[in-house]
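Welcome! Please take a moment with the sequence and the picture below, and then let us walk through a few parts of the fold together.

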Amino acid sequence: MNIVQVYRTFPTQQNCIDYLEKVRWNNKPTCPYCKSENQTPLPKENRYHCNTCNTSFSVMVGTIFENTKLDFQKWFLAISLVLNAKKGISARQLARDIEVTKDTAWLMLMRIRTAMTENCDLLEGIIEADETYVGGKNKNRHTNKKTKDGQDRGGEDKTPVIGILERGSKVSAQKAKDTSGETLKSFINMNVKSGSQIMTDEWRSYNGLALLYGHSIVKHSMGENVNGAVHINTLEGFWSLLKRGVIGLYHYVSSKYLNKYIDEFCFRYNNRENVNIFDLTIFKTVNL
Ligand SMILES: [Zn+2]
C-alpha cells in the first residue's frame with residue numbers, strides 16, 4: 001500500500017485501532033498479562049477490563065506502539081513510507097512527511113525496524129556469501145575495496161557486515177566483529193543447510209567451507225566477476241543498496257544500531273514481491 005491507499009483505508013484513529021485489534025486478536029481480545037479471554041470492553045477508552053487478573057489493557061500493550069501518544073494514522077503512514085523507500089528514509093525526512101519532531105521520527109523508525117526483524121529459516125540451495133564494510137567517516141567511504149590478495153582494508157571506523165543470499169530467495173545479514181574465518185564460517189554454519197552450494201570470493205577466511213558445503217570461488221584477483229553460475233553479484237547488489245541507504249540517509253550510522261538498519265533492508269528485500277507486505281508488517285508490530 002502506498003500512503004494514499006493507507007490514508008483512504010484508515011481515515012480515522014478508530015479504523016486503525018479496529019484493524020490492529022482484528023490482526024492481533026481476531027476479534028477475541030486476550031489479556032496480555034494472564035492470557036485470559038474473559039474481559040469486559042471499555043469502549044470509550046478503547047480498553048478492556050480483564051475479569052481474571054483484574055487489570056485493564058489496550059491493543060498497544062507489548063507492541064511497538066506501547067507508551068506513545070501518536071495518532072495511529074501517523075504510524076501507519078510511517079510504516080508505508082518505510083516499506084516503499086528502497087533506500088530507506090531518514091528521520092529528518094519522515095519528520096517532515098508526517099509532521100512530527102525529528103526525535104519522534106527517529107524513535108518511530110527504530111520501533112518500525114523492530115517489527116521488520118525476521119527469523120529466517122535456514123537458507124539452502126545456491127548461496128552467495130560475502131562480507132562488506134559500512135558506515136564510517138566520509139574520508140574512508142571509498143576504501144572498502146579489497147586488495148588483490150583478498151585482504152580487506154575496511155578503515156578503522158567502518159563496521160564489517162556478513163551476508164548470505166539464497167539465489168532467487170532471501171538474504172540474511174548482520175554486523176560482524178571481524179572478518180576472520182571463525183566469524184564468517186560460524187555465521188554461515190548457523191544459517192545455511194549443509195550440502196548447499198556456496199559461492200564466495202577468494203578471501204581466505206572462506207577456506208574450509210568445503211568440509212560441509214559445496215564451495216565455488218570467483219577469483220576477483222584474476223579479473224573474474226562471473227564464472228558461469230559462479231558469482232556473488234546478487235549479494236553485491238544488495239550491499240550497494242544497503243550502503244547507499246546508510247551513506248545517503250543516515251550519514252554516520254552508529255555501530256550500535258547497525259543491525260536494525262540491516263534488518264530493515266533485509267526485510268524489504270525479502271518481501272520485494274509480497275503484495276501483502278503492509279499487512280505483514282502491521283501483524284508483526286502487534287506480534288513481536
Ligand atoms: Zn488478565
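Let us begin at a turn. Strand 5 and strand 6 make a hairpin, with 4 residues between the two strands. Within that turn sits glycine 168, whose phi is positive, at about 75°. Keep in mind that this is a predicted model.

The hairpin strands, 5 and 6, run antiparallel and are joined by 5 bridges. Across this pairing, isoleucine 162 faces glutamine 174 of strand 6. Strand 5 also pairs with strand 4, again in the antiparallel sense, through 8 bridges. There, alanine 129 has isoleucine 164 of strand 5 as its bridge partner.

How many residues of strand 5 are buried? The count is 8 of 8. In a regular strand, side chains alternate between the two faces of the sheet. Strand 5 is covered on both faces: one side carries Thr159, Val161, Gly163 and Leu165, while Pro160, Ile162, Ile164 and Glu166 lie on the other.

Now for a helix. Helix 9 is mostly covered too, and its buried residues include Ile277, Phe278, Thr281 and Ile282, as well as Lys284, Thr285 and Val286. What do the buried residues of helix 9 pack against? Their partners are helix 2 (13–25), helix 3 (72–84) and helix 5 (102–115).

Here are the two covered elements side by side:

| Element | Residues | Buried residues |
|---|---|---|
| Strand 5 | residues 159–166 | 8 of 8 residues |
| Helix 9 | residues 277–286 | 7 of 10 residues |

How values were computed. Residues numbered from 1 in each chain as written. Predicted model: local features only at pLDDT ≥ 70, side-chain atom pairs only at ≥ 80, totals over all residues. Buried ≥ 20, exposed ≤ 12 C-beta atoms within 10 Å, placed from the backbone. Pairing = 2+ DSSP bridges. Contact = placed C-beta atoms within 7 Å.
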